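Visitor: Hello! Could you walk me through a few features of this structure?

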Amino acid sequence: MALVNVNRKNLDQFYRYKMPKLLAKVEGKGNGIKTVIVNMVDIAKALQRPPAYPTKYFGCELGAQTQIDLKNERYIVNGSHDAEKLQEILDGFIEKFVLCPDCENPETVLMVDPRKERIGQMCKACGYNGFINMQHRLITFICKNPPNESATTPSKKDKKASRKEKQKGHQNGETSPTHTSTEIQLSESGIENPDFNKKPVAAADDDWSVDTSEEAVQKRMGNLTSGVKGLALSEDSEKPEEERFNLFYSFVKEKKESNTVEKSGKEIVAEADRLDVKDKAVLALSELLFDKDMVGQISKYRAVFLRFVHDNVKAQKYLLGAYELLVGKSFPGDLMPKAAHILKEFYDKDLLEEEVILQWSEKVSKRYVSKNICSQIHAKVAPFVKWLKEAEEEESSDEEGEEEVEVVYDNKAQQLKAQGNTAATADEDEDDLDIDAI
């Protein structure tokens, strides 16, 4: 089996941390097509992580559903995916959840606190101790499925037996209290520590001094800051929806005041995902980024909005709600006369799909503005909606017409071959003209 470096950025041929190269097999057809990670178990063993973690990470990054069959050791990502592409995505998982931020060695263990939804990371190579960035969606899955609940976890009987052995060891004075607390911490994370019985480097020669150099102090402060940040992020996700939406609003407002909205598209989407307000986020974006010059601003901020509304019907409906608020309530004098032009601009820039607009046009709602104002908006955009409907009907009729012409052409060819009659040809040409006229 081919092996690759765990950290593929390290090109050293003598790099000792290796893992199997990812093997993928595409199965099924049509809507049932799926990609099986053939050697996911072996990869997970090399990374010292449960195989469900990288599998779910693939699902998060690709926007695809995953299937995990622990009994048969089958790890599946829906859709057809190339092995090289999956290997690159796996590099991202390794960087975020395996490698030490300080020494970049993969000798780390995870310590999950499900109640506070935070994940600590400890490096056995350099002694680093900090928190993992809490912004990725995989964090929720890890907190709900900590490493000690993986398929490799010892059974309940084994755990009871190990506890009895530990208690006997305490009674006989065979185990030191310091080692016991560390062992419990590691066992709770579900990962064995093969170097547990070794004497810690920091305790060598009874050297209890602390490095007080400016560089060491800054490093410790940086670790502390990341921990506090992780706690804050976790607390934000537990707040009510209104508070989370207000936090997102403030975040975008800061970006606007610093004129960095267009460059911060990925950050804005990540913040919306973290706060779980991605569908409604367009309401805040519209209020902050659009004013009476909305027609020109749609092109300016198209890339930002596209990250939220692409293939997301729910977000598009919220965008229509924001459109009603801006046209009918915030800037009615300036935008009401341009209502149809604005809606067409949304359509032309692929921010609103045809089906969503047509569905919206069928009902006058008072959810965002009064029924009277909503009726005025619908009246203004009626010509554009009519144009959309007619274009759709023309497309469907063209498709039917093409099918009929093909059938007539086939009959015509057969008659010419069988009879060679020019008069029949003229008659059939007239039939063709009649069909085209229809």
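Here are some questions and answers on one sheet and several salt bridges.

Visitor: Glad to start with the sheet: in what order do the three strands of the open sheet stand?

Guide: Keep in mind that this is a predicted model. The pairing in this open sheet is antiparallel. β7 (108–113) and β9 (129–131) each have a single partner strand, so they stand at the edges. The order is therefore β7-β8-β9.

Visitor: And which residue of β9 stands opposite Gln121?

Guide: Strand β8 covers residues 118–123 and pairs with β9 in the antiparallel sense over three bridges. Opposite Gln121, in β9, stands Gly130.

Visitor: How many residues apart are Glu95 and Lys9?

Guide: Their side chains meet in a salt bridge, 3.7 Å from N to O. Glu95 lies in helix α3 (residues 83–97), while Lys9 is in the loop between β1 (3–5) and β2 (18–20). The pair links distant parts of the chain, and the separation is 86 residues.

Visitor: Is Lys255 buried or exposed?

Guide: The Lys255 side chain meets that of Glu267 in a salt bridge of 2.9 Å, N to O. Lys255 has a relative accessible area of 16%. The cut-off for burial is under 20%, so Lys255 counts as buried.

Visitor: Last one, friend: which residues are linked with Lys25 in a network of salt bridges?

Guide: The side chains of Glu27 and Arg74 meet at 3.3 Å, N to O. Glu27 lies in strand β3 and Arg74 in strand β6, so this pair ties together parts 47 residues apart in sequence. Linked with Lys25 in the network are Glu27 and Arg74.

Technical notes
Residues numbered from 1 in each chain as written. Predicted model: local features only at pLDDT ≥ 70, side-chain atom pairs only at ≥ 80, totals over all residues. Heavy atoms only, no water. Pairing = 2+ DSSP bridges. Helix = DSSP H or I, 4+ residues; strand = E, 2+ residues; numbered from the N terminus. Salt bridge = Lys/Arg side-chain N within 4 Å of Asp/Glu carboxyl O. Buried < 20%, exposed > 50% of the residue type's maximum accessible area, 1.4 Å probe, protein only.
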